[in-house]
Every structure is written in structure tokens, then in C-alpha cells.
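I opened this notebook page to keep track of what I looked up, entry by entry, with one residue as the starting point and the wider fold afterwards.

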Amino acid sequence: MAKRSQTTELGCIACEELSQVGAGKEGWLVDDPNLLCALDTHALALANRFLILVLGWSDSDGHRIKIVPDLSPIEAEQITAIEWLVFDEIRVVVAGTSCGYLLIYSLGGHLIHKQLLYPGRILKIRVRGTKRDLTQDASSEEVCVVMPGVVARYDGSDIQSMLHRWFQETHTQFWDQKPKKRDLEAPETPYGRLPFQLWNVSKYGSCADAAITGTMPPPLMELQSSQRYYCAVTIGEDAVISAFRLSEDKSRSLVGAILSKVVPATFSTIASFSKLIWRSEQTSPRKSDVKPQPFARASPLTCLKDHPRKGEKLTLSPSGTLAAITDSLGRILLLDTQALVVVRLWKGYRDACCLFMEMLVNRDTTAPSSSYYEPVKSDYCLCLAIHAPRKGIIEIWQMRTGPRLRIIQCVKGAKILQPTYRFGSSMTSPYVPLEVFLLNGDSGQISVLNRTLN
């Protein structure tokens with residue numbers, strides 16, 4: 001009897017354009033630290049320091065797009081993070097740079113939005129959402145941007161509104177053939193500036209990765225506060241794990257609110273008066289540099305220091321209640337982000353990569369049935385896929401304390417990926433389980449890990 005395959009082949013990205021991001025050399029996909037990958041349901045985005053390549057890997061979507069961002073050569077700016085943003089019919093690519101800029105590009109290669117978050121290297125862009133159900137009191141969709149010692153948060157609805165304005169305007173221009181006039185003072189944000197929140201989380205040292213795990217209760221002295229508080233988990237060199245309570249800081253004191261309005265207006269009036277008196281001949285004043293947004297309040301909760309161990313990678317479960325953290329000693333820590341305690345530990349996994357997935361573990365899929373049955377969310381079990389490249393295997397473990405369910409052999413130079421979160425997905429539509437994909441760097445073949453054990 002032939003051995004049943006544990007993966008299903010879906011498509012291939014092999015093409016000549018891959019040579020522009022280093023393909024053709026052994027281990028090109030995993031050995032280059034500057035090569036970034038982001039997966040969508042039918043396309044893969046690859047980026048090196050100065051180039052973004054979008055490749056369709058399914059038969060119905062075999063397009064190839066090359067994007068060359070306009071980066072600053074003076075500051076040696078380069079691409080340091082990449083991710084997809086998917087809103088129903090709108091699919092765009094978002095990139096972060098070493099100078100702290102967030103760039104949003106259409107699949108036609110056009111720059112939609114450019115915004116400075118904070119001067120520094122963007123390490124990671126996380127797209128995440130939770131739906132209202134029995135375990136979640138409220139739904140939330142967000143984009144989290146991680147920088148060394150800094151965490152920023154965009155609300156998903158703000159980004160969706162901006163992209164809808166862009167989508168409607170581009171389609172209107174296509175039919176009217178009369179482009180609207182843009183504000184020349186803000187050519188990088190033609191569809192409006194995106195509001196975001198910014199926190200300093202460097203109390204225990206600069207972080208290598210971080211994630212906002214969800215909302216949390218207010219502190220005891222502020223139980224009547226109307227603000228929303230978030231929990232952030234960071235990992236790094238000085239502290240393997242640290243956690244912070246992030247405040248929105250929406251309310252300010254009356255004096256602060258008055259000063260924020262009166263002082264700029266007073267300064268503007270004095271400046272206008274001085275120009276009128278001295279009859280300045282300057283007709284177009286130089287645009288001032290964009291100043292970083294002030295930090296909101298971040299209160300430390302706890303930290304774990306265990307020298308010389310260093311936190312390296314962080315992966316968050318769909319609900320945000322679990323986080324898998326890899327460290328420099330080859331260990332994987334499973335963190336309960338609500339209790340802030342480590343509930344499981346694996347050893348001997350150097351250079352490992354972890355992704356959460358869902359599998360049909362306890363359901364008998366081979367039993368005969370008179371009618372077709374579509375599995376629902378409750379049929380799936382949360383698992384953790386651990387790719388151990390030094391062992392050449394992928395292990396799947398049942399959460400939280402379940403057994404190892406499967407061992408999958410994989411070739412050297414392969415990489416596990418996961419499609420980005422899709423904004424606005426309806427709870428009434430058929431449930432799409434969390435899957436893990438395997439990209440073979442040598443052949444360009446993309447496969448998906450089967451989610452059934454039988």
C-alpha cells in the first residue's frame with residue numbers, strides 16, 4: 001500500500017524574475033537575511049533590500065509584478081518588512097523601511113500611501129483580527145508595526161476607509177479620465193493621513209519582535225476609565241519575554257487640551273505678524289520636517305531575564321491567547337498571554353520557525369455519510385507546526401498540552417508560510433481553517449500541509 005502524502009501541491013512560482021531576488025543559488029530562500037516573504041491565498045510577495053516581486057502561484061492567477069520603491073539613497077534606506085492587506089476585493093502590499101516609513105502599493109505597482117511612524121528600522125508588520133464569539137467580547141482588526149523598542153497600532157477600519165477612497169477614486173478616474181487635483185503639500189498621503197497609536201516598550205531593552213495580543217482590563221486605580229487597554233508581549237536580548245499594558249491615552253487634562261490649541265495658534269499669529277511687519281519676500285516657506293508622534297503610555301507588567309538566552313521569533317495564535325517564542329538556545333516557549341506564564345517548553349530546535357494551524361484531529365473523516373458535511377470551527381483543533389531545518393522535518397503538536405500528531409519530512413532550503421489575515425471576513429461564510437504552506441526554494445513548488453490525520 002502506497003504511503004499517503006502529508007502535503008498537497010498547489011502551484012509553482014518558478015520563473016526568470018526570481019533571479020532578481022537571489023534565486024538560483026542553493027539555500028537562497030532561507031540563507032539571505034534580507035529576503036522577506038509574505039503569502040496571500042493565491043500570490044507570494046518577495047522583497048530584498050530595494051525590490052518587491054509579486055508572483056501568482058495558482059493556475060488562475062499567474063501574474064508577475066515588480067515594484068521598485070523610491071527609497072532614500074542618502075540614508076541607505078531599504079525594505080525591512082513586508083505583508084499583505086486584503087479587504088474583500090482590495091488586495092495591496094505594505095512594506096516597512098529601515099527609516100521608519102510605511103509604504104502601501106497597489107498590485108499595479110502604484111504608491112497609494114506613505115507615512116512616517118517613527119525614525120528607526122521597521123522589524124515586523126503583523127495583521128490580525130478577532131471576531132465576536134463565545135470567547136471574544138468584541139471584534140477587533142488591526143495592523144501592528146514593530147520597531148526596536150517601539151510598537152505602533154493601526155485600526156483596521158481606518159486603513160479600510162482609506163483604501164476604499166483610493167479604490168473608488170481610481171475607478172472614477174478610469175471612466176471620467178479626469179484625475180482629481182491633489183494637495184501638493186502632502187503628495188505622499190493623497191487619501192488622508194492614517195491615525196495610529198505609538199508606544200515605547202524599551203524599558204527592558206530593545207526588542208527583536210513584539211505583538212499586541214489583545215485587550216486587557218484597566219489597572220485597579222482606573223476601573224472607571226473609558227479607555228481601552230491592550231497587552232503587548234515583546235522579546236529581545238536583554239529580556240527573553242516582557243509584557244506591557246498599553247493605554248490609548250484618549251483623554252487629556254483640560255490644561256493640556258487648552259495649551260495644545262492655544263500655543264500653536266498664538267505662535268502662528270506671531271509669525272504672521274512678523275512677516276507682515278518686515279515685509280518678508282519669501283513666497284513659499286519651506287515645508288517643515290515631519291515630527292514623530294508622541295508616545296502613549298506603556299506600563300510594564302513583567303519580564304523574564306535569563307542570560308545568555310535571547311528571544312528571537314514570536315508567533316501569535318489566532319485568538320492571541322497563546323504565543324510561541326523561539327530563543328537563541330534552541331528552545332521553544334509556549335506563553336499564555338493572558339496569565340503571562342510559560343505553559344510548555346520544547347528543547348533542541350535551533351533555528352526553528354513556528355506557525356499555528358488548525359487540524360481535524362478528533363473527527364472521523366473516513367466514516368460514510370449520506371450527505372456532504374462542511375466542517376465548522378468547533379471541529380478543528382489548534383496545533384503548532386514547528387519547522388526544524390537542522391533536522392529536516394516539520395512537527396505538528398496539539399495545543400496546549402497534547403501529543404505530537406505528525407512528522408513531515410521536508411527538503412533543505414524550504415520555508416513554512418501562512419496567508420495573511422483577511423479583513424472583514426463574515427462569520428456566516430464557510431469557516432476557513434488556519435493552514436500552513438510549504439515553499440520549496442529549489443523547485444519553487446508551493447504545498448499545503450494536510451489538515452486531516454487520516
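Entry 1, a buried acid. I began with Asp-209, which counts as buried because its relative accessibility is 6%, under the 20% cut-off for that class. I note at once that I am working on a predicted model, and that every value here is computed from it.

I then asked in which strand Asp-209 is found. I located Asp-209 in strand S14, which covers residues 207-216. Next I wanted to know which backbone atom the side chain of Asp-209 reaches. The partner turned out to be the backbone nitrogen of Leu-314, at 3.3 Å from the side chain of Asp-209. When I listed the contacts of Asp-209, setting aside neighbours within four places in sequence, I found Lys-124, Arg-126 and Val-146, then Val-233, Thr-234 and Ile-235, and finally Glu-312, Lys-313 and Leu-314.

Entry 2, the cavity. Two of those contacts, Thr-234 and Ile-235, came up again when I searched for enclosed space, since both are among the residues that line the largest cavity. I found one cavity of 30 Å³ or more in the structure, and the volume of the largest cavity is about 40 Å³. Its lining also includes Tyr-204, Gly-205, Ser-206 and Cys-207, together with Gly-236, Ala-239 and Ser-242. Strand S15, residues 229-236, gives the most to this lining, with three residues. Sorting the lining by character, I counted four nonpolar residues, five polar and no charged.

Entry 3, the nonpolar cores. I turned to the largest nonpolar core, which has 29 residues, and noted that Leu-85, Ile-104, Val-143, Tyr-154 and Leu-163 touch the most other members. At least two residues of this core come from each of strands S6 (79-87), S7 (90-97), S8 (101-106), S10 (124-130), S11 (140-147) and S12 (150-155), and likewise from helix H2 (156-176). H2 gives the most to this core, with four residues. Apart from this core lies another one, of 20 residues, with Ile-13, Leu-18, Val-21 and Phe-437 among them.

I looked up Tyr-154 separately and, leaving aside neighbours within four places in sequence, recorded contacts that include Leu-102, Leu-117, Val-143, Val-145, Ile-159 and Phe-196, as well as Gln-115, Glu-141 and Glu-142.

Entry 4, the whole protein. I closed with the totals: the protein has three helices and 29 strands, and buried residues make up 45% of its 454 residues. Of the contacts with a separation of 6 or more, 58% are between residues 24 or more positions apart.

Notes:
Residues are numbered from 1 along each chain as its sequence is written. This is a predicted model: local features need pLDDT of at least 70, side-chain atom pairs count only at pLDDT 80 or more; totals for chains, interfaces and linings use all residues. Side-chain values use heavy atoms; hydrogens and water are left out. On a 1 Å grid over the protein atoms alone, a cavity is a set of points where a 1.4 Å probe fits but cannot get out, and a pocket is an open set with protein on both sides within 12 Å along at least five of seven lines; lining residues have an atom within 4 Å of a point. Grid points are joined across faces, edges and corners, and a volume is the space filled by probe spheres set on the points. Ala, Val, Leu, Ile, Met, Phe, Trp, Tyr, Cys and Pro count as nonpolar, Asp, Glu, Lys and Arg as charged, and the others, Gly among them, as polar. A nonpolar core is a set of buried Ala, Val, Leu, Ile, Met, Phe, Trp, Tyr and Cys residues joined through side-chain atoms within 4.5 Å. Buried means under 20% relative accessible area, exposed over 50%, partly exposed in between (1.4 Å probe, protein chains only). Contact means heavy atoms within 4.5 Å. A polar contact is a pair of N or O atoms within 3.5 Å; within protein, one must be able to donate a hydrogen and the other to accept it, and residues adjacent in sequence count only if both atoms are side-chain atoms.
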